[in-house]
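Morning, everyone. Please pull up the sequence and the model, and keep both open while I talk.

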Amino acid sequence: MKIVVVESPSKAKTINKYLGAGYEVLASFGHVRDLPAKDGSVDPEQDFKMLWEVDAKSQKRLADIARAVKGADTLILATDPDREGEAISWHVLEVLREKNAIKTQTVQRVVFNAITKQAVTEAMTHPRDIDGALVDAYLARRALDYLVGFNLSPVLWRKLPGARSAGRVQSVALRLVCDRELEIEKFVAREYWSLVAQMATLRGDAFEARLVGADGKKIQRLDIGKGEEAAAFKAALETANFKIVSVEAKPARRNPPPPFTTSTLQQEASRKLGFGPAHTMRVAQRLYEGTDIGGETVGLITYMRTDGVQIAPEAITATRQVIEAEYGKKYVPDAPRVYQTKAKNAQEAHEAIRPTDLARLPKDTKKYLDNDQARLYELIWLRTMASQMESAELERTVVDIEAKVDGRVLELRANGTVVKFDGFLALYQEGQDDSADDDESRRLPQMATGESVERKSIEADQHFTEPPPRYSEASLVKRMEELGIGRPSTYASILQVLQDRGYVRIEKKRLIPDDKGRVLTAFLESFFAKYVEYDFTAGLEEQLDKVSNNELAWRELLRDFWKDFAAAIGEIKDLRVGNVIDTLDEMLAPHLFPARADGTDPRKCPNCETGKLSLKLGKFGGFIGCTNYPECRYTKQLSTTAEGSADGGMRKLGLDPVSGLEVTVRAGRFGPYIQLGEAVDGEKPKRAGLPKGLAPDDVDLERALSLLSLPREIGKHPEDGEPIKAGIGRFGPYIQHNKTYANLEPGDDVLHIGLNRAITLIAEKILKGPSGRRFGADPGKPLGDHPTQGGPIVVKNGRYGAYVSHDGVNATLPNDKTPETITLLEAVDLIAARIEAGGGKKKGKKAAPKKAAAKAAPKAAKPKAKAKAGAKPSAVMSSEGTFSSKSDGAPKAAAKAPAKKTTAKKTAAKKTAAKKAATPKAAAE
């Protein structure tokens, strides 16, 4: 038997079908161990010795893997084909060695870029060893993150109250957002004017031209800075005679963009689909792991964490064939296109993101996918197809026009572009973060040199220069990639952490730093400047790449880093909080105390009028206070009230059409919320919190009414017909089915989540077992109705393992059965054996009413019926699926049947173990 280990259960299920007999595929459920969040997990004094801890959820999974490996001849580690995947394989192998599960077995590492039968079976024929260099790079990266976070965060807590944490890469990403905000605040708008002539040929064809020169001098965009200058040029043009002096048409080609990498997929999904990076990666993960297409489970895209832009030769051939079949031979270039990455620190170990089968058209797969999956698959398919299509052929035309008036010569120019052959543009056009005017997108009429043209009108327009735009999630990802900060696979989590910790917020799809984030950035720039520099962070990434290429020892990298970093930590420890506040107050002054239009002192206290306002730090973060404290107790929050708000942050949205009550969005102690009406006779009005990521400024009346209407019914569960509901509770957005509650994941919208996605979340919640549940008992998976007695039989996950249940009778599943493989008939046999052994309800008696059954529940938890000789361990299971603390039945069974003594002893031992586990002493151990 060969044991194959992958990360996820869905991936395991798909691969198990491909490999068939002789293989057993098990899931590790991601990383199985990590550095515990305590002092000494990475010890610089012991040459960076690292102490690993297996998390509680992984203990059972690793035990299952170890048990399976002990009876196998080969262990195949088939985790993802990147650094993280290599690290997971290494961790699993290390734990198995600690458990003495690895003895004579062959250990192999295989990687595949797509979950298809061909890719998986091909990978199994090319095993290798675990790549030690990739593991070393992972160890160095994990140690760096720990050393920075675990040593810097306590300094922040002491010196900067309200700050939660800082990270090696997240702090640099936050600085990018804060630096852009500072650019915007310091920006001074500049006035300029443009002159555009609306003109027509003698045949009446209209076009427009811009003033670009006067009296032999070129006029640039900002050269006309006053209205008087613009008026003078306008007057001259209104009396001038116009003649074309040159017409120049040049052919041009526009080449298609390369296939998607992780970062470009996140950028385009943000621009075109409105997906956040984290949501994009979740949807892509599901497409990669596979879905049921016509009775066959297949992965629809290749691995989605990559910065390579090349694709396999066979995929290129298939793409060209589909292009010819769908669009015609003229759209297929003579030679295949070959791309090379331009990103810093690129790792081209595997392909770009592409469909596993280009012949699988988006319209054919749509019915098998949910809406987000279908949209993302179509985007990936279009981009891949376009990358191998013919270039677009353009003709760019420039027409120069001479305007003569009173001995002066003014120059105008008209630009235009004509698409001669659309090529890849017929299918795909790359999005832009910030749109700009493009004169070349206009089409010009037929014109010839020496031809006269007539003026229709002259327009003189006033403009003001604008500050650089705030980063969107897409443009920040692009900038981080350009600077070589972090890895593409980490961008989504970095952006999510910045939002979760309240350092940035998203408004109108733009990232805005909160004051908490700005104070943190100012602190780091003042006292840890080196570690938030863009070049330093990018340089560290280059060193990590050297480790992964076996060019640098990972401990050597850590020694060089720790020497300077420890010294910087030591210097700040002795710094007084007062000195920190003074430094930050000076650094943030342009933001906190902007100059006033009337020229008065922005720091003057409006309360006592003698004190000065300055930055203060309290238990919950920064605020502005008066220097005359405690005589003057004036304070103000750092954040100003949003534009359009009133009454301390309340904003009126309109009237509820049903009740006629006013709907408002307000700022509360625990965050913003929506309220319907006001309190009447002590009765609280209806309220609804805002989902994480939804800014108060983005809430309109329609969305507010939708939130107030929660919980809403999404639809009926296909297995039992019971409703699935969505709502927002104390712990955030959730979905509910019977007594199972599942939290929504980032990117899921409580107002628009569909039935398919809801069913998936419910199923995943049930699979987590009792430890993953917050409310209620496990409702179980229905197997069908009892063939003779009626009533549903369900399989559940109990505290001590899976069991089947019918009408209050529970029976443990044997070791060779799982909740996924147990059948209805097998469950009926287990139930019958359980009743025969004396468990559950007594023979010949009718079922007690529900109330009576509830009262009898404590007694039912400790059955005293005799166990039949040879009874399975289920004979001592309680009605809750747990082992009874009494052992009356087992010894009696042993006395009656000595041949079954071993089974009875095992049962008694299990009882004793369960009893010990329930004691405080056992729990402490």
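I'll go from the whole chain to a sheet, then to some helices, and end with a few backbone details.

A word on the source: this is a predicted model.

Start with the overall count. The chain has 26 helices and 34 strands. It runs to 925 residues, and 46% of them count as buried. Now take the contacts with a sequence separation of 6 or more. Of these, 66% are between residues 24 or more positions apart.

On to the sheet. Find the four strands β31, β32, β33 and β34. They form an open sheet in exactly that order, and the pairing is antiparallel. Which strands stand at the edges? They are β31, residues 781–785, and β34, residues 809–812. Each has a single partner strand, so one side of each is left without a neighbour in the sheet. Ignoring direction, neighbouring strands here are turned by 25° against each other on average.

Look at the middle pair. β32 covers residues 792–798 and β33 covers 801–806. They pair over five bridges, in the antiparallel sense. Gly798 stands opposite Gly801 in β33.

What packs on this sheet? Helix α22, residues 824–836, does. It touches β31, β32, β33 and β34. The direction of α22 makes about 110° with that of β34.

Now zoom in on one residue, Leu783. It sits in strand β31. Leave out residues up to four places away in sequence, and what does Leu783 touch? The list has Ile793, Val794, Val795, Val804, Ile822, Thr823, Leu824 and Ala827. Match that to the elements. Ile793, Val794 and Val795 fall in the range of β32, and Val804 falls in that of β33. Leu824 and Ala827 fall in the range of α22. One more distance from Leu783: Glu719 is 64 residues away in sequence, and the two C-alpha atoms are 9.7 Å apart.

Next, a helix pair. Rotate to α6, residues 170–186, and α14, residues 491–500. Their axes are 10 Å apart, and the helices pack at an angle of about 70°. Angles from 65 to 115 degrees count as roughly perpendicular, and α6 and α14 are therefore roughly perpendicular to each other.

Which residues meet there? From α6, we have Gln170, Ala173 and Leu174. From α14, we have Ile494, Val497 and Leu498. By type, the contact has five nonpolar residues, one polar and no charged.

Stay on α14. How much of it is buried? Seven of its 10 residues are, so the helix is mostly covered. The buried ones are Tyr491, Ala492, Ile494, Leu495, Gln496, Leu498 and Gln499. Ile494 and Leu498 are on that list, and they also meet α6. What else do the buried residues of α14 pack against, besides α6? There are three helices, α8 (262–273), α9 (277–289) and α13 (473–483). There are also two strands, β18 (504–507) and β19 (510–513). After α14 comes Gly502, with a positive phi near 75°.

Now α20, residues 701–708. Its buried residues are Ala704, Leu707 and Leu708. Look down the helix axis. These residues fall within an arc of 100°, so they line one face of α20.

Just past that helix, check the backbone. Leu710 and Pro711 are joined by a cis peptide bond, with omega about 0°. Pro711 lies in the loop between α20 and β27, residues 712–716. Another cis peptide bond joins Tyr629 and Pro630, with omega about 10°. Where is Pro630? In the loop between β21 (621–626) and β22 (635–637).

Last item: positive phi at residues that are not glycine. Asp47 has a phi of about 55°. It is in the loop between β4 (42–43) and β5 (49–50). Its relative accessibility is 35%, so Asp47 counts as partly exposed. Asn100 has a phi of about 60°. Its place is the loop between α3 (83–98) and β8 (106–109). Buried or exposed? At 54% relative accessibility, Asn100 counts as exposed.

That's the tour. Questions, please.

Conventions. Residues numbered from 1 in each chain as written. Predicted model: local features only at pLDDT ≥ 70, side-chain atom pairs only at ≥ 80, totals over all residues. Heavy atoms only, no water. Pairing = 2+ DSSP bridges. Axes fitted to C-alpha atoms, helices over the stretch in contact; angles between N-to-C directions. Contact = heavy atoms within 4.5 Å. Buried < 20%, exposed > 50% of the residue type's maximum accessible area, 1.4 Å probe, protein only. Arc of directions from axis to C-beta. Parallel < 35°, antiparallel > 145°, perpendicular 65-115°, else oblique. Nonpolar A, V, L, I, M, F, W, Y, C, P; charged D, E, K, R; others polar.
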